[in-house]
Amino acid sequence: MHVRILYQNIARGLEYNFNKIDTNNLGTPYDYGSVMHYGRYAFSANRQPTIVPIPNANVQIGRATQMSRMDILRVQRLYGCK
């Protein structure tokens, strides 16, 4: 597990945004720095966190302004390019 979802802080009706799905990360590790990662307060109903990184709750998430090294590697592997 890489994050803890705090459902009690999610705005009613938006819980589906946190449904767990199987993904194909193409043999890469979890990427807290991904440009696709939700921020700590995503969909919050009460200005409290909805996502807490594990094991280090202080890891920055949801702040990327460009693709991470892992984002780029996944695209390269997905499309078979360099």
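## Exercises on helix α1 and its surroundings

Arginine 69 belongs to helix α1, and the exercises below start from this helix in what is a predicted model.

**Exercise 1.** Determine whether arginine 69 and tyrosine 79 are buried or exposed.

*Solution.* Begin with the cut-off, by which a residue counts as exposed when its relative accessible area is over 50%. Arginine 69 has a relative accessibility of 67%, and therefore counts as exposed. Tyrosine 79, which is also found in helix α1, has a relative accessible area of 63% and is therefore exposed. To place the two residues on the helix, note that Arg69 and Tyr79 are carried by the face of α1 that is turned away from its buried side.

**Exercise 2.** Find which residues of α1 are buried, and explain why they lie on the same side of the helix.

*Solution.* The buried residues in α1 are Met70, Asp71 and Arg74. Around the axis they cover an arc of only 105°, which is why they fall on the same side of α1. As general background, an α-helix has 3.6 residues a turn, so residues three or four places apart point the same way.

**Exercise 3.** Identify which residues make the nonpolar surface patch of about 720 Å².

*Solution.* The patch is made by Val35, Met36, Met67, Ile72, Val75, Leu78 and Tyr79. One of these residues, Tyr79, has already appeared in the first exercise as an exposed residue of α1.

**Exercise 4.** Describe what follows helix α1 in the chain, and state how far apart arginine 69 and cysteine 81 are in space.

*Solution.* Just after α1 comes glycine 80, which takes a positive phi of about 65°. Between arginine 69 and cysteine 81 the separation in sequence is 12 residues, and the distance from C-alpha to C-alpha is 15 Å.

**Exercise 5.** Set the helix in the context of the whole protein by asking in what order the elements run and how far the model can be trusted by its pLDDT.

*Solution.* The protein has 1 helix and 2 strands, and from the N terminus on these elements run β-β-α. The mean pLDDT of the protein is 95, and 100% of the residues score at least 70. Among the elements, α1 (residues 69–79) has the lowest mean, at 95, whereas strand β2 (residues 51–53) has the highest, at 98. Of the 82 residues, 30% are buried, and carbon and sulfur atoms supply 52% of the roughly 6,300 Å² that the protein exposes. Finally, among contacts between residues at least 6 apart in sequence, 65% join residues at least 24 apart.

Methods. Residues are numbered from 1 along each chain as its sequence is written. This is a predicted model: local features need pLDDT of at least 70, side-chain atom pairs count only at pLDDT 80 or more; totals for chains, interfaces and linings use all residues. Side-chain values use heavy atoms; hydrogens and water are left out. pLDDT is the predictor's confidence in each residue, from 0 to 100. Helices (H or I, at least four residues) and strands (E, at least two) are DSSP runs, numbered from the N terminus. Buried means under 20% relative accessible area, exposed over 50%, partly exposed in between (1.4 Å probe, protein chains only). The arc is that of the directions from the helix axis to the C-beta atoms. Patches are made of residues with over 30% relative accessible area and no salt bridge: like charges are joined within 9 Å, nonpolar side chains (Val, Leu, Ile, Met, Phe, Trp, Tyr) within 5 Å. Accessible areas come from the Shrake-Rupley method with a 1.4 Å probe; for residues, only the protein chains shown count as cover. A salt bridge is a side-chain nitrogen of Lys or Arg within 4 Å of a carboxyl oxygen of Asp or Glu. Contact means heavy atoms within 4.5 Å.
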